[in-house]
Amino acid sequence: MNAIGWRNLRSLNQEGIVFAIAVVLFVAAAIGLPGFIDPNNLVAIVRSVSVLGILALGMAVVIIGRGIDLSAVAIMAMSVAWYLQLLNTGTSDGLAFAYVLAGVLAIGLLNGFLVAYADVPAIFVTLATGSFVFGYVRSQLITQDAVPVPQGHWVELLGGLRFLDIPIEVFVFAGLAFLFFLFLRYTKWGRYIYFAGDNPIAARNIGIPVRPMLVLRYVLSAFVALIAGLLTAASLHSINTRVVNSTLLYDIVLVAVIGGIGLSGGRGGVRNVLVGAALIGILLNAMTIIDIPLLYQNLIKAAILLGAIIVDGIINPRDEQTAQQGDI
Amino acid sequence: MKLIKTLMAAATALAVTAFVAPTFAADDPGPAAYAQALKGKRVMLVPLAMGFDLAQGWAHYLKKEVEAWGGTFETRDPNWVVDAGAQAITDAISSDTRPDVLIIHAPDLNSYSKLMKKAQAAGTYVLLVDNPANFPADAFVGSDWDRLGQLEAEAAIKGCGENSSKKIGLVQGDQANSSSLYQYAGIMKVLDKHPDFKVVAKPDSNWDATTSRNVTTTMLQQNSDICSIIDFWDGDATGASAAIRDAKLDGKVFLVTTGGGEKAADCDKLQDGTYGAVVMTELARQSGDMNAIIKFLLQSGQPAGTSHTFIYTLEKATTKADLKPDSCWDLKALQAEAAAK
């Protein structure tokens with residue numbers, strides 16, 4: 001209980017804790033589980049969290065700006081389902097893609113506009129637009145939950161692409177992570193996101209275009225969701241809109257939050273997403289190798305999330321500012 | 001000659017009587033009683049969701065028949081949400097237009113039991129389709145999932161062959177749905193009789209294709225000599241097949257699954273070798289069974305909840321070798337037919 005000990009513990013933030021847990025798990029699995037350390041298995045781990053990680057990148061940018069995007073999974077599944085439906089009913093590829101791209105951008109703009117200019121809390125706006133996107137596309141634009149990719153279409157070929165035997169989505173994830181890193185770290189607008197997330201009113205007072213930037217973040221998140229959806233369809237040769245009902249959305253938030261991106265905004269970055277994704281990937285893979293039933297997998301996942309949040313709450317107590325402004 | 005004449009006259013008379021007799025058929029009491037018992041009756045289908053092949057196929061065949069005898073057919077779409085299904089059933093029971101027959105596709109063994117009891121108490125016959133539940137419905141129409149699991153395991157054993165690794169992987173659905181639990185029990189029954197075959201892993205997909213792909217990838221990574229995988233539903237077996245394709249084990253791993261026998265979902269994939277065998281439900285026949293039991297119940301005069309009949313659909317494991325043009329039904333064709341009307 002000496003002061004130095006406390007200081008050392010305090011320097012360990014949530015990202016550090018989660019990273020440490022991930023490393024411990026990795027080493028334990030490498031020693032205890034046969035085949036875990038096999039290069040192919042390591043590639044499979046990264047691949048299994050690639051789409052999740054891509055979605056989490058979009059979510060991270062929104063959360064850092066003190067928002068949340070609960071429509072991400074609906075946009076991901078429904079945009080691609082609509083695209084494939086258009087292709088299956090004979091619309092030309094270019095036109096179909098243009099429609100879908102326009103739709104995705106429109107939802108992103110709508111999210112951003114309602115949050116930025118109508119001052120509706122992000123959690124309600126995106127919850128509503130997510131339901132709207134799902135309901136409208138499911139009832140009006142497509143006929144079935146699962147929409148197949150037409151045979152020989154580029155989306156199908158995309159799924160078969162490999163470099164050095166590594167699936168394409170791993171490279172897309174890595175590429176996007178790098179781009180987001182550059183954006184957040186080295187561009188003016190990227191830095192502004194932290195200011196706006198940390199203290200929106202102060203950011204506005206010093207002349208940062210807080211509202212247009214808010215809109216941009218939701219558009220970015222919607223666009224990233226489209227990419228994630230295309231990669232999902234590429235791998236499975238179809239997209240099933242049932243994924244909107246799954247726990248994927250919570251898993252995205254989990255990856256971002258467990259990696260240490262505070263829901264109060266202004267904190268975190270791409271590294272946190274990578275750490276969060278690594279922990280989830282290693283955890284799921286190890287549990288599958290041990291053959292733990294799904295019910296227990298969810299329990300273990302939830303327990304680790306709770307643990308990380310509690311530890312974070314103890315060593316990084318809320319400051320006066322957050323207490324006043326609140327978080328989502 | 002006289003005798004012949006008499007005989008002929010007698011024969012004519014007989015023939016005339018014989019010809020006259022069928023005119024009594026106009027007074028066959030059947031059609032009138034049938035029409036009286038059925039006309040204006042309401043039938044409602046509450047599946048897990050309307051967005052997948054089985055539900056759309058059932059709805060097509062039921063609607064055609066119910067409307068033909070002058071009844072009203074309705075569907076509700078809970079879209080895989082158990083609460084929404086419960087709400088739909090509650091509303092249906094308490095509405096002015098309470099259905100006379102409620103066909104329920106139960107999400108698990110227990111969720112709707114109380115509601116189904118309420119429906120019967122209100123006088124609605126309850127039919128369970130596809131998924132059994134812990135409730136004595138008036139009739140259950142669907143697969144004997146235990147038997148279905150046995151068929152899958154037999155297909156997998158055959159697909160592996162005697163000189164294989166004899167390693168089988170399972171991709172289960174979840175640990176709550178009766179179709180998943182009974183399917184597993186059936187598979188294990190067969191494998192117990194073949195102790196040389198081993199289940200090397202049995203992860204759950206939670207009926208999600210991406211999860212199925214990820215767990216299958218891991219499974220194949222750990223046991224690259226697996227000779228067969230049984231995925232518990234064709235809705236997520238696309239994931240398992242993607243994992244097999246990615247591991248470049250096409251043709252080496254015999255993928256067995258089960259489904260509603262829809263052309264694009266099952267037959268096309270047997271044809272192109274994605275699936276080795278599919279235990280298919282004959283949807284038209286299953287819908288026919290439902291139609292028959294509905295007609296029986298509505299004419300029986302018995303109070304709801306009296307009979308507890310099980311009508312299991314005949315199942316068969318189909319492989320590429322025994323594919324026929326009519327092995328599957330075609331959802332696109334049904335939708336085109338419905339649109340043409």
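Colleague: What makes helix 5 of chain A mostly covered?

Modeller: In this predicted model, 15 of the 17 residues of helix 5 of chain A are buried. A residue earns that word if 20 or more other C-beta atoms lie within 10 Å of its own.

Colleague: How do you know that the span of helix 5 of chain A is close to the one expected?

Modeller: Helix 5 covers residues 72–88 of chain A and reaches 24 Å from its first C-alpha to its last. The expected span is 1.5 Å times one less than the number of residues, and for these 17 residues 24 Å is expected. Just after the helix, look for Gly90(A), whose phi is positive, near 100 degrees.

Colleague: Happy to look there! Why is Asp119(A) called exposed?

Modeller: Asp119(A) has 9 other C-beta atoms within 10 Å. The cut-off for exposed is 12 or fewer, so Asp119(A) counts as exposed. You will find Asp119(A) in the loop between helix 6 (93–116) and helix 7 (122–141) of chain A. Its phi is near 55 degrees, a positive value in a residue other than glycine.

Colleague: And why does His237(A) count as buried?

Modeller: His237(A) has 22 C-beta neighbours inside 10 Å. Buried needs 20 or more, so His237(A) counts as buried. His237(A) lies in the loop between helix 12 (210–236) and strand 4 (238–240) of chain A. Phi of His237(A) is positive, near 65 degrees, and again the residue is other than glycine.

Colleague: Now to the two chains. How many residues of chain A are in contact with chain B, and what makes a pair count?

Modeller: A pair counts if the C-beta atoms lie within 7 Å. On that basis 30 residues of chain A are in contact with 29 residues of chain B. Among the elements giving two or more residues to the chain A side are helix 12, strand 4 and helix 14 (270–290). Helix 3 of chain A has the largest share, 4 residues. By class, this side has 10 nonpolar, 15 polar and 5 charged residues.

Colleague: Which domains does chain B have, and how far apart are their C-alpha centres?

Modeller: The domain assignment gives domain 1 (33–143 + 283–314) and domain 2 (145–281) of chain B. Their C-alpha centres lie 30 Å apart. The contact takes 14 residues from domain 1 of chain B and 12 from domain 2 of chain B. On the domain 1 side, helix 3 (53–68) and helix 11 (283–300) of chain B each supply at least two residues. The largest share there, 3 residues, comes from helix 3 of chain B.

Conventions. Residues numbered from 1 in each chain as written. Chains lettered and ligands numbered in written order. Predicted model: local features only at pLDDT ≥ 70, side-chain atom pairs only at ≥ 80, totals over all residues. Domains from an automatic or database assignment. Contact = placed C-beta atoms within 7 Å. Nonpolar A, V, L, I, M, F, W, Y, C, P; charged D, E, K, R; others polar.
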